[in-house]
Amino acid sequence: MILRVNLSTRSITKEQVDERTLDDFIGARGLAAKIIWDEVKDVDPLSADNKLVVAAGPFNGLRTPSGGKLVIAAKSPLTGGYGDGNIGTMASVHLRKAGYMAIVIEGTSEKPVYLYVEDDHVSILSAEGIWGLSTFDTERKLKEVHGDHVGVLSIGPAGENLVRFAVVISQEGRSGGRPGMGAVMGSKKLKAIVVKGTKDVQVKDKRAFEEYTREVYKIIPKLPAYDFWMRQGTLATLEWANKNRALPTRNFSQVKFEYARSVDGYSMEAMKVTKRGCPNCNMICGNVVLDMEGKESELDYENVGMLGPNTGMPSLNRVAVLNRLADELGMDTISLGVVLSFAMEAHEKGKIKEAPGFGEYEKSVELTKKIAYRDGELANLLADGVKKAAEQLGLENIAMHVKGLEVSAYNCYIYPAMALAYGTSAIGAHHKEAWVIAWEIGTSPLEEGAVSKYTMTYSSEKASKVIEQQRIRGGMFEMLTACRLPWVELGLDLDWYAKILSAITGKEWTLTRIFEAADRVYSLIRSYWVREFKGKWDRYMDYPPERWFEQEVDGMKLEKDKYDQLLSEYYKLRGWDERGIPTTETLKGQKLDFVLNELKGVLS
Ligand code: PTT
Ligand code: SF4
């Protein structure tokens with residue numbers, strides 16, 4: 001069932017999900033992309049015409065391994081294209097248990113409201129008393145009213161003030177929707193969504209389901225990487241990225257941070273006070289430390305990489321303050337890290353006098369708070385994201401983004417495959433689609449002080465590896481929706497996912513069939529970008545930031561003509577033309593005939 005809520009008219013309706021849509025798009029990202037293609041056309045992302053889609057997948061609401069995620073999607077106010085994010089939250093469990101695959105929120109309310117869904121009962125309630133509160137306080141207040149056994153998704157002041165990289169927060173440390181999904185909620189005056197579900201989610205082959213999931217839960221703690229994972233989680237990546245010259249440092253102008261040791265996984269271990277995690281996960285990774293102000297802050301690699309080394313901040317408890325503020329205010333830590341570091345470099349170049357310098361803690365805290373409220377000229381400029389800010393200041397050469405989405409924590413002067421992954425990600429520069437740098441480094445690790453020749457090559461194998469990972473990460477895990485980390489970090493066999501999906505749906509799912517659906521979703525999302533950019537779409541939109549081509553670090557940089565060839569190779573493998581647009585033949589082959597009419601005149 002899909003729940004449709006129009007905040008302008010206050011109408012609430014329910015509709016069946018078409019079986020064929022689920023066969024072709026599985027769920028979550030696939031379902032959201034289909035709804036957005038069908039219903040969100042040529043609209044201003046911050047207007048009542050945009051729609052927010054909160055979509056679950058077949059793994060949610062059941063005891064599936066790390067299957068407590070949820071996709072939040074809309075047309076992005078940051079990029080103008082398709083945007084989504086993935087959040088671990090009890091709301092994913094409750095949504096399915098309430099009987100819904102997705103909620104589609106349309107229109108905009110005149111006054112602040114929140115949505116309360118309890119099984120079949122849905123109400124739009126006043127949020128006057130919670131508008132303006134932090135995400136943490138919002139969730140606490142809503143739980144006081146509705147009890148602890150609910151899932152809550154909320155926005156903070158950043159979403160309310162339409163900061164273009166505002167996110168949705170849950171459980172004081174889970175975040176989703178980097179491309180401004182929080183701002184879309186804010187534009188609808190929707191402060192929160194509270195869900196309570198008490199029904200059972202149906203499984204077609206219960207016996208097989210129980211057998212497979214029981215086995216996977218048993219396997220996970222026995223996998224060799226489990227113990228270290230439980231100690232450091234994603235923060236183990238920091239030391240590795242530093243060693244391999246991939247750590248964004250001082251607005252990506254350097255690849256190593258001289259104080260890396262003070263913000264790495266070992267420092268975090270020394271400060272750790274507790275752990276949190278997503279529902280149904282038996283390898284939880286939310287490491288919580290106490291920050292400079294004595295408050296809890298949940299740290300991940302991206303948060304620390306972008307708010308630490310990339311802003312030149314050398315102490316973890318200070319980084320933890322910025323991280324906690326981002327969660328409370330409801331802003332993406334990656335984009336925040338990029339806009340802060342951009343402002344810092346602009347300050348050094350004499351372009352923004354009032355911005356902090358690299359590593360200036362108090363001024364960074366102050367600017368972070370101001371951005372959330374768009375308080376003052378500089379904060380207002382940065383709240384629109386680095387692309388728009390750089391265009392205004394004529395500093396495009398130091399703006400780290402792809403298609404308007406700020407680059408996450410991998411510096412790619414010597415990593416063409418990872419640069420391609422950023423360039424071709426479905427939403428802009430996000431590592432979630434293909435973390436191919438681990439393979440690029442893993443196949444040929446760097447010696448200290450030397451650069452492997454392999455990392456610098458532009459072989460077609462790299463294009464096919466990016467697609468392989470996009471199918472698994474940006475495709476399968478985002479459609480199911482399950483956390484990808486059991487596979488990424490512990491090497492859990494992917495076949496389990498096909499088996500569990502088959503048991504849930506009672507249909508024969510193989511990895512090949514799942515990957516076909518993933519390719520379909522990629523072509524659909526790409527078609528969406530092409531349609532929304534009305535004649536302005538160009539292959540250069542799939543280029544990584546100029547800085548990686550222009551600036552040399554230790555005598556190394558990306559080569560543009562070779563990147564361009566790699567991009568052509570990628571397009572060829574995807575069945576897209578030289579502009580990066582799916583061909584008519586590809587669209588027909590992927591059962592996307594409904595796209596053809598709308599892209600008439602553009603397709604080859
Ligand atoms: C994700 C991006 C990431 S990816 C991180 S840390 W990472 C940052 N986290 C933020 C945060 O925290 N607070 C905040 N205010 N902004 C933040 N921005 C950044 O957002 C997260 C984990 C992590 S930790 C990763 S890699 C994996 N991501 C998954 C994914 O994308 N899909 C999937 N099927 N499984 C995943 N498992 C892992 O989940 P976005 P979470 Mg996230 C606090 O949202 O928009 O996709 O960007 O979901 O519940 O916080 O778990 O080193
Ligand atoms: Fe959530 Fe971490 Fe578990 Fe993934 S591994 S489900 S991000 S707690």
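The following paragraphs describe the surroundings of two ligands, two sheets and two unusual backbone sites in a predicted model.

Local features were considered in this predicted model only at pLDDT of at least 70 and side-chain atom pairs only at pLDDT 80 or more, whereas totals for chains, interfaces and linings use all residues. Residues are numbered from 1 along each chain as its sequence is written, chains are lettered from A and ligands numbered from 1 in the order in which they are written, and side-chain values rest on heavy atoms, with hydrogens and water left out.

Ligand 1 is surrounded by 32 residues, a residue being counted if one of its heavy atoms lies within 4 Å of the molecule; the closest are Asn-86, Ser-175, Asp-327, Asp-332 and Glu-478. By class, this shell has ten nonpolar, twelve polar and ten charged residues, where Ala, Val, Leu, Ile, Met, Phe, Trp, Tyr, Cys and Pro count as nonpolar, Asp, Glu, Lys and Arg as charged, and the others, Gly among them, as polar. Polar contacts, defined as pairs of N or O atoms within 3.5 Å (within protein, one must be able to donate a hydrogen and the other to accept it, and residues adjacent in sequence count only if both atoms are side-chain atoms), are found at several positions. Oxygen atoms of ligand 1 lie 2.9 Å from a polar backbone atom of Ser-175 and 2.8 Å from a polar backbone atom of Gly-177, while a polar side-chain atom of His-430 is 3.0 Å from an oxygen atom of ligand 1. Two or more residues of the shell are given by each of strand 5 (82-88), strand 11 (174-176), helix 11 (301-307), helix 12 (316-329), helix 13 (333-348) and helix 19 (460-480), and strand 5 supplies the largest share, four residues. Helices (H or I, at least four residues) and strands (E, at least two) are DSSP runs numbered from the N terminus.

Around ligand 2, the shell consists of Ser-66, Lys-69, Arg-174, Gly-277, Cys-278, Cys-281, Met-283, Ile-284, Cys-285, Cys-483 and Leu-485, which divide into seven nonpolar, two polar and two charged residues.

Strand 5 also belongs to an open sheet of six strands in the order 2-1-6-3-4-5, with mixed pairing, two strands being paired if DSSP finds at least two bridges between them. The edges are formed by strand 2 (11-15) and strand 5, each of which pairs on one side only. Within this sheet, strand 1 (residues 2-6) and strand 6 (residues 102-106) run parallel and are joined by five bridges, with Val-5 having Ile-105 as its bridge partner in strand 6.

A further open sheet has three strands in the order 13-14-15, paired antiparallel. Strand 13 (272-276) and strand 15 (296-299) each have a single partner strand, so one side of each is left without a neighbour in the sheet. Four bridges join strand 14 (residues 286-290) to the antiparallel strand 15, where Glu-298 is the bridge partner of Val-288.

Most residues other than glycine have a negative phi, and most peptide bonds are trans. Against this background, the peptide bond from Leu-480 to Thr-481 is cis, with omega near -25 degrees, and Thr-481 lies in the loop between helix 19 and helix 20 (485-490). Ala-28, although not a glycine, has a positive phi of about 40 degrees, and its place is in the loop between helix 1 (19-25) and helix 2 (29-39).
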